[in-house]
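Student: I have a new structure open and I'm not sure where to start. Could you walk me through reading it?

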Amino acid sequence: MAILCTVMIFILCLMPPDDLPSNSWLSQFPGFDKIVHFGLHFVFATLLLLGPALYKNKLPLTYYLSAFLLPLSCGILIELLQPMMGRSQDIEDVFFNVTGCLTAILLFYWKIRNFVSLWQKRKIQQQN
């Protein structure tokens, strides 16, 4: 799922501006593209953590670091490639990418991993 999310992010963020929907009421909302950047990288980081968490009881720090660095690297690469696709670079996009990743990591660490742990326990109980 994380690979599919990566491909989707690259496609959406590197689409030529003429191919982007412009008549949507959402696109008229100021800052909507920043919400999209936040959301895409939030989901990206969550998927990077969720996959391994389903098979491990406790994730080492390297997983959390990877869930930050991989989306960050992709976001920076996308910003560097956008001028080649007729789009403009925006450092604010990188900020919202980082914010989405960090929010996902913190939320995962504090809340989601507990739900995953419960899911693992129920799965083991069902097998016995």
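Tutor: Let's go from the overall fold to the core, then to the surface and a few single residues. Keep in mind that this is a predicted model.

Student: Fine. How many helices and strands are there in the chain?

Tutor: Start any reading with the secondary structure. Here the chain has four helices and zero strands, so the pattern along the sequence reads α-α-α-α.

Student: How can I check the length of a helix against its span, say for α2?

Tutor: Take the rise of 1.5 Å a residue and compare the result with the distance between the ends. The 22 residues of α2 should span 32 Å, and the end C-alpha atoms are 31 Å apart, which agrees.

Student: Which residues of α2 are buried?

Tutor: A helix has a simple rhythm to look for. An α-helix has 3.6 residues a turn, so residues three or four places apart point the same way. In α2 the buried residues are Lys34, His37, Leu40, His41, Phe44, Ala45, Thr46, Leu49, Pro52 and Ala53.

Student: Now the inside. Which residues make up the largest nonpolar core?

Tutor: The general idea comes first: in soluble globular proteins, nonpolar side chains tend to be buried together. In this model the largest nonpolar core has eight residues: Cys5, Ile9, Cys13, Leu14, Leu40, Phe44, Cys74 and Ile78. At least two of them come from each of α1 (2–14), α2 (32–53) and α3 (61–81). The largest share, four residues, belongs to α1. Apart from that core lies another one of seven residues, including Ala53, Tyr64, Ile105 and Phe108.

Student: What is Leu14 in contact with, beyond its neighbours within four places in sequence?

Tutor: Setting those neighbours aside, Leu14 is in contact with Ile78, Leu81, Gln82, Met85 and Arg87. You can ask about the whole chain in a similar way. Of the contacts with a separation of 6 or more, 75% are between residues 24 or more positions apart.

Student: How much of the chain is buried, as a share of its residues?

Tutor: Buried residues are 28% of the 128 in the chain. As for the surface, the chain exposes about 8600 Å², with carbon and sulfur atoms supplying 69% of it.

Student: Where would I find a nonpolar patch on that surface?

Tutor: Look at Ile3, Val7 and Ile11, which make a nonpolar surface patch of about 310 Å². Ile3 sits in helix α1. Its relative accessibility is 68%, and the cut-off for exposed is over 50%, so Ile3 counts as exposed.

Student: And Met8, what does its 39% tell me?

Tutor: Met8 also has its place in helix α1. A relative accessible area of 39% makes Met8 partly exposed. The C-alpha atoms of Met8 and Leu40 are 9.0 Å apart, although 32 residues separate the two along the chain.

Student: What about a charged residue: is Asp93 buried or exposed?

Tutor: Asp93 is in helix α4 (residues 91–127). Its relative accessible area is 5%, and anything under 20% is called buried, so Asp93 is buried. Beyond its neighbours within four places in sequence, Asp93 is in contact with Asp33, Lys34, His37, Glu79 and Gln82.

Student: Last one: where does Lys58 lie?

Tutor: Lys58 is in the loop between α2 and α3. At 68% relative accessibility, Lys58 counts as exposed. Measure along the sequence and through space separately: Lys58 and Ser117 are 59 residues apart in sequence, with 8.8 Å between their C-alpha atoms.

Conventions:
Residues numbered from 1 in each chain as written. Predicted model: local features only at pLDDT ≥ 70, side-chain atom pairs only at ≥ 80, totals over all residues. Heavy atoms only, no water. Core = buried A, V, L, I, M, F, W, Y, C linked by side-chain atoms within 4.5 Å. Buried < 20%, exposed > 50% of the residue type's maximum accessible area, 1.4 Å probe, protein only. Helix = DSSP H or I, 4+ residues; strand = E, 2+ residues; numbered from the N terminus. Contact = heavy atoms within 4.5 Å. Expected span 1.5 Å × (residues − 1). Areas by Shrake-Rupley, 256 points an atom, 1.4 Å probe, with all protein chains shown as cover. Patch = residues over 30% accessible without salt bridge, like charges linked within 9 Å, V, L, I, M, F, W, Y side chains within 5 Å. Salt bridge = Lys/Arg side-chain N within 4 Å of Asp/Glu carboxyl O.
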